[in-house]
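Follow the strand pairing in this model, then turn to its cysteines.

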Amino acid sequence: MDLIWEYHIIMAHFAEIDSNGIVLRVLVVPDSEESRGNDFLSTDLKLGGTWIQCSYNSRIRKCMPSSGYTYDSTNDVFIAPKPFASWTLDSNFDWQPPTPYPEELGGLAFWDEDSKSWKTD
């Protein structure tokens, strides 16, 4: 377990974003290159693009992104893809359904976009 933990400590994660802030991919760089990760990836490795540091443990920029996430440069956060057309983004940058999840169902319901409601079957 210590070996795995040490591996994560010495690596920094960077997300490549397109001109619209959409995450294309996430790569790791050696810890020694963390402070210049964008230059290391785009210039030294000749990958081009724009790279934004992210964190597998969500310590910076809200969450660990993957392909399809969006980087909001104004708020300096990564946002997960919108799960359904009717859901809205709250002030914590989490997607919320138009009807809150009914807790009494205990995790057995799923969202039905056609009826915009929670279903159990």
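His13 stands opposite Cys54 in strand β3. These residues belong to two strands, β1 (residues 11-17) and β3 (residues 50-54), which pair in the antiparallel sense over 5 bridges. Strands here are DSSP runs of E of at least two residues, numbered from the N terminus, and two strands pair if DSSP finds at least two bridges between them. The model is predicted: local features need pLDDT of at least 70, side-chain atom pairs count only at pLDDT 80 or more, and totals for chains, interfaces and linings use all residues. Residues are numbered from 1 along each chain as its sequence is written, and side-chain values use heavy atoms, with hydrogens and water left out.

β1 also pairs with strand β2 (residues 23-30), antiparallel to it, through 7 bridges. In this pairing Glu16 stands opposite Arg25 of β2. The two strands form a hairpin with 5 residues between them, and Gly21 in the turn has a positive phi of about 85°. Of the 7 residues in β1, 6 are buried, where buried means under 20% relative accessible area, exposed over 50%, and partly exposed in between (1.4 Å probe, protein chains only).

Why does Cys54 form no bond with Cys63? A disulfide is a covalent bond between the sulfur atoms of two cysteines, taken here as a pair of cysteine sulfur atoms within 2.5 Å. The closest cysteine sulfur to that of Cys54 is in Cys63, 9.1 Å away, which is too far for a bond. Cys63 is likewise in no disulfide, and the count by this rule is 0. Cys54 is buried at a relative accessible area of 3%, and Cys63 also counts as buried, at 17%.

Note on methods. Helices (H or I, at least four residues) and strands (E, at least two) are DSSP runs, numbered from the N terminus.
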